[in-house]
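I opened this model to look up helix packing and aromatic pairs. My notes follow the order in which I checked things.

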Amino acid sequence: ALGETFIVYDPAFQKLELLGAETTMADGRKVPAPANAFNEVLPFAAHGCADFSGLREMVVTHTGLERGAVVDLKYRIHTAPGFLPVFCGSEPLRRDFPVDRYELAIEVPAGVDLAYEIRGAAGATMLETAEPQGGKRHVLRFSGLPPVAHDLLAPPQSEPFIVFSASREWQRALELPAGPAVLPAALRERIARLKTALAAPADLLAALQRIVAGEIGGGALDAATIGWRARPLERVVQGNYATRLEKALLLQAMLKEAGIEAELLAVAAGSEFAPGVATPLQMGDFLLKVGDGADPIFVDPSREQGGFFPYAAQGLSAWNLSRGALEALPASDWQRNGVDVSGTAQLGADGVSGTLTVWARGSFQRYDEAAADPAGFLSGLLRKFFPLDKAEVKKLLALTRDEIRAEVAFSGKWLKELGGGLLAAEPPRLPWLVDAMVIQEQRQAALALEAPFQASLRLEIEPAAGLKLEMAAAALERRNALGFLTRGLGAGPDGRLHLA
């Protein structure tokens, strides 16, 4: 963790000044960093993005490292006006290693009121002192900070951080350089063809979303790296790559070309904004909102989308750039998302077959796949539960962007011989569960799923003559604030096996 330091900057707006780099070894001997310890490279996030090839990453290699050594690195970045609309920043308070002492000093000139908020560090306060020239110096100090937890499925910004800004006005802090949203002629022609071919507005909306999310490359470049700016749309299409902001602006312009008005939403990087601290560095993803009734449509320019619900951002705060106002995104619940499988099966030594009702909904529905090949899509879902050789859709009960429900005939091989007249089957799996969801005592951060969900399997199994259940699974039920789990396998009076 301490062998190298990586400093990313944009020479077009920023100047990096290295003030010193040396290591004090355990015996007190000082080892200055040699000239070849400083190497500039292209940041990995800019690979393949020609317009951002001017970005630089200074890699500082620390020498003389040993147990008890102290690494001392000092550098300064000078940022010119225009990189961000206002003076602002967002700083994590933890690192990948324990921190004995942490100090952050923010100086502002006279007449500037610094807005800030500290998240995830209860009781932390900034010390404020006056400077001789009339400005103010704000200092935040910590000691004994543990390392970053790196918990899987942790919510965004689950680690302590501070965000600050010299503005409380969101309109000013999010102001983008004005410019016409001109689409290339070839793209306008393609939109016209799609508009003619797709009569249903939802199909047209989905087709345009797929172009931007699937055909235009994306990357990890954000406002902290390249500033709060977007390239002309013609340049974005020509290069075939875009930042998340550029994808949103491109899709908004494409929808407008197709006659669909959409509002641009900047989603909070965490659960909610610090409302009094106006800065683009609080932004995470971007969405487009179509309609303003009880059930608006949310279009994601960066991800595959089955339905038009903001699963990846559900329940978060968003800044409506089109209206200049904060709003809350709708939340989902487990009843809206999941896969339920139920039915009957006939079990023999040579195989199993039966008829099931399969229902996938919400974030588990992949409409394009399901519409193109219902049997293939449903077979993929069933294979997540148990081994499957063949599946055939007998009756399609529902197919929308939000759900698919069907009666499915299936067959497969479940039993294997153990000898001594015994046959065994692998227990069905409960898919989409991972250890990080259920082993909570090892976590430091809360659990964050894309959406709450339910996965269930309920079968009545009729064994062939001569087969009987030798070992049942005791009924199990666990229920707490995280969720619930039930499981059981037993035989009824009629000899049928009941699996749930």
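**Helix H2 and its partners**

I started with the contact of H2 and H6. Leu 187, Arg 188 and Ile 191 of H2 touch Leu 250, Met 254 and Glu 257 of H6. I sorted these residues by class: 4 are nonpolar, none is polar and 2 are charged. I note here that the model is predicted.

Next I looked up the geometry. H2 covers residues 185–197 and H6 covers residues 244–257. The angle between them is about 55 degrees, and their axes lie 10 Å apart. That angle makes H2 oblique to H6. I also checked the hand of the crossing, and H2 and H6 cross right-handed.

Then I turned to the second partner, H3, which spans residues 201–215. H2 and H3 pack at about 145 degrees, with 9 Å between their axes. Which residues make this contact? On the H2 side I listed Arg 190, Ile 191, Leu 194 and Lys 195. On the H3 side I listed Leu 204, Ala 207, Leu 208, Ile 211 and Glu 215. By class I get 6 nonpolar, no polar and 3 charged residues for H2 with H3. The crossing of H2 and H3 is right-handed. Ile 191 appears in the contact with H6 and again in the contact with H3.

**Aromatic pairs**

I moved on to the rings. The structure has 14 aromatic pairs. I looked at two of them in detail.

The rings of Trp 334 and Phe 484 have centres 6.0 Å apart, and their planes stand at 85 degrees, so I logged the pair as edge-to-face. Where do the two residues sit? Trp 334 is in the loop between strand S19 (325–328) and strand S20 (338–348). Phe 484 is in strand S28, residues 484–491. The pair therefore ties together parts that are 150 residues apart in sequence. I checked exposure too. Trp 334 has 37% relative accessibility, so I entered Trp 334 as partly exposed. Phe 484 has 42%, so Phe 484 also went down as partly exposed.

My other pair was Phe 386 with Trp 414. The centres are 5.1 Å apart and the planes make 55 degrees, a tilted pair. Phe 386 lies in the loop between helix H8 (374–383) and strand S22 (390–399). Trp 414 lies in the loop between strand S23 (403–412) and strand S24 (415–419). This pair therefore links parts that are 28 residues apart in sequence. Are these two residues buried or exposed? Phe 386 and Trp 414 are both buried.

I also found an aromatic cluster made of Phe 364, Phe 385, Trp 432 and Phe 453.

**Helix H8**

I then asked which residues of H8 are buried. They are Phe 377, Leu 378, Ser 379, Leu 381 and Leu 382. I looked up what these buried residues pack against. The list is S20, strand S21 (351–361), helix H7 (367–372), S22 and S23.

**Whole chain**

I finished with the totals. The chain has 9 helices and 29 strands. It has 500 residues, and 39% of them count as buried. Along the principal axes, the C-alpha atoms fill a box of roughly 95 × 65 × 40 Å. I looked last at contacts with a separation of 6 or more. Residues 24 or more positions apart make up 68% of these.

How values were computed: Residues numbered from 1 in each chain as written. Predicted model: local features only at pLDDT ≥ 70, side-chain atom pairs only at ≥ 80, totals over all residues. Heavy atoms only, no water. Axes fitted to C-alpha atoms, helices over the stretch in contact; angles between N-to-C directions. Helix = DSSP H or I, 4+ residues; strand = E, 2+ residues; numbered from the N terminus. Parallel < 35°, antiparallel > 145°, perpendicular 65-115°, else oblique. Left-handed = near helix turned anticlockwise from the far one by under 90°. Contact = heavy atoms within 4.5 Å. Nonpolar A, V, L, I, M, F, W, Y, C, P; charged D, E, K, R; others polar. Phe/Tyr/Trp six-rings, centres within 6.5 Å; stacked < 30°, edge-to-face > 60°. Buried < 20%, exposed > 50% of the residue type's maximum accessible area, 1.4 Å probe, protein only.
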